[in-house]
Amino acid sequence: MSVTLVGDVLSGTGGIWHVRTSDGEVREASLRGRLKKATVTKIAVGDEVEVEQDPSGAWAISAIHPRRSRLARREPGSGYGERVVAANVDQVVVVFATAKPEPHTRMLDRFLVIAEANELISRVVVNKVDLVPEADAARTFADYERAGYAVHYTSTKTRAGLDTLHDSLAGLSSIFSGPSGVGKSSLLNAMFPGLNLRIGEISESVNKGRHTTVGAVMHPLPDGGYVVDSPGLREVGMWQLASDDLDRCFPEFRPHLGECRFGDCSHLVEPGCAVRDAVDAGEISAARYDSYARLRAELEESPKKW
Ligand SMILES: Nc1nc2c(ncn2[C@@H]2O[C@H](COP(=O)(O)OP(=O)(O)OP(=O)(O)O)[C@@H](O)[C@H]2O)c(=O)[nH]1
Ligand SMILES: [Mg+2]
Ligand SMILES: [Zn+2]
């Protein structure tokens, strides 16, 4: 008789998946041949699966449960396909640094749009606040607080903001995302010392695009919930987002949608646009609107076959 257990996929390399089963053990499992052929869903970190032990003692994944959520983005490089970075996540923690590397808020907007398009809540973490005056950091990221995002100002050196961030992760499954070198792994180590994640060498490596974390790995938290540490991204591709849906991915636009003169307003050129009026009135940040316009142009140029 074979044993079947339910578990969560923590990581995977070379066809072997680490699955944390309901009894708290972490088991190495391969994907059942039958399932491999039948399934269109590629397994991702965070997937809830069934594993079966065969008489020789080896474990195999025999079923994948439906996902309650997922964070997907475009296949990196020239690919058009989607890549599910993690399944069954509750929130995306988008980490940027005040410096080393310099924060590019346009890129932050992309990370946030992808989370919104996946219908996930995001938090913004502004790490390395020890490197610049507080007022400078607050000015750079003020637009995000105004847009309604929770913004955490943190430092792993001074431990500023770590308790509040820690509390916001309790009982949830959170994926840490953001550029390379901003301190995602450092933050997780500082909040959960047992994790012992590899962190990068000081600054010089940051701009050379050397990635310290390789592949997304999910870690169970001592008091319940999970965190996913993911490798830094240099480019973040949109996936399967219709250009007409982009406006809803900017939370501060939402109160104004439906108030434009034209129902299918692109908020770019049409007269009587409530979104542009709000920008002119200073209610919506001009920089965020500029990101919207650029992303919209990009989506309209991209191949429809996504
Ligand atoms: N000054 C300062 N440096 C920090 C802080 N947090 C992390 N660092 C440094 O930033 C560098 C990169 O940290 P990592 O944690 O490896 O960054 P990461 O975001 O996980 O990078 P990838 O895994 O490549 O995506 C290391 O040298 C850390 O010591 C901080 O709050 N202040
Ligand atoms: Mg890392
Ligand atoms: Zn409009």
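Let me start with helix α7. Which of its residues are buried? In this predicted model, they are R288, Y289, S291, Y292 and L295. These buried residues span an arc of only 150° around the axis, so they sit on the same side of α7. A general point helps here: an α-helix has 3.6 residues a turn, so residues three or four places apart point the same way.

Now turn α7 around. On its other side, A286, A287, A297, E300 and E301 are exposed. And what do the buried residues of α7 pack against? Their partners are α2, α3 (134–146) and α6 (274–280).

We can also check the length of α7. It runs over residues 286–301, which is 16 residues, and at 1.5 Å a residue it should span 22 Å. The C-alpha atoms at its ends are 23 Å apart, which agrees.

Next, the core. The largest nonpolar core has 67 residues. Among those with the most contacts inside it are V45, V125 and I175. Helix α2, residues 105–117, gives the most to this core, namely seven residues.

Take I175 as an example. Leaving out residues up to four places away in sequence, I175 touches L71, V85, A86, V89, V92, V93, V228 and S230. Two of these, A86 and V228, are also listed with the most contacts inside the core.

Last, R68. You will find R68 in the loop between β5 (59–64) and β6 (70–74). Is R68 buried or exposed? It has 12 C-beta neighbours inside 10 Å, so it counts as exposed. From R68 to E48 is 20 residues in sequence, and 9.9 Å in space, C-alpha to C-alpha.

Notes
Residues are numbered from 1 along each chain as its sequence is written. Chains are lettered from A and ligands numbered from 1 in the order in which they are written. This is a predicted model: local features need pLDDT of at least 70, side-chain atom pairs count only at pLDDT 80 or more; totals for chains, interfaces and linings use all residues. A nonpolar core is a set of buried Ala, Val, Leu, Ile, Met, Phe, Trp, Tyr and Cys residues joined through C-beta atoms within 7 Å. A residue is buried if 20 or more other C-beta atoms lie within 10 Å of its own, exposed if 12 or fewer, and partly exposed in between; C-beta atoms are placed from the backbone. Helices (H or I, at least four residues) and strands (E, at least two) are DSSP runs, numbered from the N terminus. Two residues are in contact if their C-beta atoms, placed from the backbone, lie within 7 Å. The expected span of a helix is 1.5 Å times one less than its number of residues. The arc is that of the directions from the helix axis to the C-beta atoms.
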